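Student: Could you walk me through a model, one question at a time? I want cut-offs along with the values.

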Amino acid sequence: MKKSLACSFALLALGAVAPLSAGPIYVPVVESAMTDGTSLATELWISNFEGEERAFTSAFLKADTDGTAVPAVRGRVPAEQALYLDKAAGERGLLEIDAEPGMEVNAWITVTRGKRTFYTGVPVISADLAAPAGGVTFLNGLRGDREIASLDLVNLGHEKAFCQVDFLRADGSAIGAGVSVEVPALSMSPFADALGLGHEKDALSARVSCDQSFYAYAVGVDGDHQVSFATPSEAADASLFEKAADSKATITFTQPGTYHNATRENPKKVLRIPVPNGMRAGRVIAEFDFTAGPWNSRLKSGAHGLMWFHRGKFRSNTLININALGPKKDQVKANQNLDIPRGNVTNAKSGLVFEQGKTYHARATYDANAKSVALIISRDGSVLKTLVFPGTAKGRVIEIASTGLFADFGHFNNQHLPEVSSIGWKFANFKVEIFDN
């Protein structure tokens with residue numbers, strides 16, 4: 001496996017309970033050169049959040065080849081540190097990583113335009129995000145202001161997969177007989193012409209099904225070479241392709257589609273937001289969608305973690321911590337403690353009933369210049385609650401180290417009450433914008 005371990009740097013301790021091991025994950029290596037020489041290479045962090053060294057194994061599964069016989073390479077990550085791989089491999093394929101508890105894998109593609117940097121999160125495929133054998137998934141919004149660079153099918157089974165791809169009109173009707181393809185065992189097959197999508201001008205969605213456990217996605221690139229992904233959805237919808245970022249932020253990070261489906265084996269997800277170097281920000285905005293699941297039977301009114309957004313540890317580094325409280329309390333709560341002493345926070349809460357199965361949008365803004373933090377919870381475009389409370393960033397500046405920012409979604413099982421895990425809750429479409437001071 002060709003790889004470059006560009007750097008290893010310390011993480012600040014999180015002090016959290018380790019999750020259960022949930023099996024290997026798979027990172028698509030989306031590496032290609034644009035016509036102007038721009039490289040779209042997968043980069044990733046393997047982070048160890050534990051207080052002792054942890055081990056992992058990795059194997060590069062070349063595209064369109066049987067990956068079941070590829071030997072794994074063993075590696076180790078020191079306590080509270082991370083390994084950064086600037087190019088996971090020299091060609092397209094899947095990077096299989098099986099890590100010990102307490103470790104996380106984050107992957108992204110970087111595009112820089114002048115003083116602005118765009119990070120697009122690459123799907124990190126785990127068992128709880130894959131479709132089962134015989135299942136159906138949809139890739140939506142395949143038309144717009146971008147070129148579909150490829151449609152990729154990932155076979156997570158240990159036997160050859162037979163897949164059916166149908167292109168759909170806006171009303172959900174199929175165009176023609178579709179395309180049948182084979183994908184080797186434990187492998188990824190990229191289709192540069194998107195299986196003829198370019199010839200189907202009315203195609204707005206693709207319906208995909210395989211006879212092995214699978215994952216499907218499409219890669220889009222706009223005229224400014226910003227990368228976007230169409231990731232699996234449960235139903236056809238012409239409008240759901242993640243659009244390229246158009247904000248004026250210095251740094252924009254997006255993690256499109258569903259990135260966390262909280263299960264007992266995998267209750268918590270940590271996303272890391274890279275920054276080119278340490279920076280001083282005046283404003284940071286983070287937003288995401290979440291679908292409310294069941295209330296935890298351990299304490300239904302407990303704090304079900306929506307997002308803990310921070311610089312690497314709790315004390316004096318939390319930009320915002322958001323929790324949903326269930327029956328008998330029915331609230332949304334948020335707090336922050338940036339740059340203030342132990343035992344101090346600013347916070348706000350308000351009554352709000354979260355309905356199981358409904359999807360909500362959370363948008364949090366930390367405005368250091370205005371010394372203000374705002375959280376907006378909405379559903380179907382309508383604002384349900386707005387919380388505003390004081391910000392405490394020292395010198396009206398948010399200092400961000402080269403280790404970046406962290407966003408945790410959900411709690412671990414058996415955390416200290418009132419914090420409880422959010423099993424059955426789903427998280428999607430995360431976006432962070434960082435503005436210079």
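Tutor: What follows covers the pocket, aromatic contacts, cores and backbone.
This is a predicted model, in which local features need pLDDT of at least 70, side-chain atom pairs count only at pLDDT 80 or more, and totals for chains, interfaces and linings use all residues. Residues are numbered from 1 along each chain as its sequence is written, and side-chain values use heavy atoms, with hydrogens and water left out.

Student: How much space lies in the largest pocket?
Tutor: A pocket is an open set of points on a 1 Å grid over the protein atoms alone, where a 1.4 Å probe fits, with protein on both sides within 12 Å along at least five of seven lines. Points are joined across faces, edges and corners, and the volume is the space filled by probe spheres set on them. For the largest pocket this gives about 910 Å³.

Student: Which residues of its lining are the closest to the centre of the largest pocket?
Tutor: Lining residues have an atom within 4 Å of a point. Strands (DSSP runs of E, at least two residues, numbered from the N terminus) contribute: β18 (214–222) and β20 (251–261) are among those that each supply at least two lining residues. Of the 38 lining residues, the closest to the centre are Pro-232, Ser-233, Glu-234, Gly-257 and Thr-258.

Student: How many residues of each class, nonpolar, polar and charged, are in that lining?
Tutor: Ala, Val, Leu, Ile, Met, Phe, Trp, Tyr, Cys and Pro count as nonpolar, Asp, Glu, Lys and Arg as charged, and the others, Gly among them, as polar. The lining of the largest pocket then has 20 nonpolar, eleven polar and seven charged residues.

Student: What is the geometry of the aromatic pair of Phe-288 and Phe-409?
Tutor: Rings of Phe, Tyr and Trp (its six-membered ring) pair if their centres lie within 6.5 Å; planes under 30 degrees apart are stacked, over 60 edge-to-face, the rest tilted. The whole structure has 19 such pairs. Phe-288 and Phe-409 have centres 5.3 Å apart and planes at 75°, which is edge-to-face.

Student: Where do these two residues sit, and how many residues apart?
Tutor: Both Phe-288 and Phe-409 are buried, meaning under 20% relative accessible area with a 1.4 Å probe and protein chains only (exposed is over 50%, partly exposed in between). Phe-288 is in strand β22 and Phe-409 in strand β31, 121 residues apart.

Student: Why is the pair of Trp-295 and Trp-425 edge-to-face?
Tutor: Both residues are buried. Their ring centres lie 5.4 Å apart. The planes are at 65°, so the pair is edge-to-face.

Student: Which residues touch the most other members of the largest nonpolar core?
Tutor: A nonpolar core joins buried Ala, Val, Leu, Ile, Met, Phe, Trp, Tyr and Cys residues through side-chain atoms within 4.5 Å. β22 gives the most to the largest core, six residues. Of its 53 residues, those touching the most others are Phe-309, Phe-430 and Ile-434.

Student: What is the omega of the peptide bond from Leu-417 to Pro-418?
Tutor: Most peptide bonds are trans. Pro-418 lies in the loop between β31 and β32. The bond from Leu-417 to Pro-418 is cis, with omega near 15°.

Student: Is Asn-414 buried or exposed?
Tutor: Asn-414 is in the loop between β31 and β32. Its phi is positive, near 65°. At 63% relative accessibility, Asn-414 counts as exposed.

Key. Helix = DSSP H or I, 4+ residues; strand = E, 2+ residues; numbered from the N terminus.
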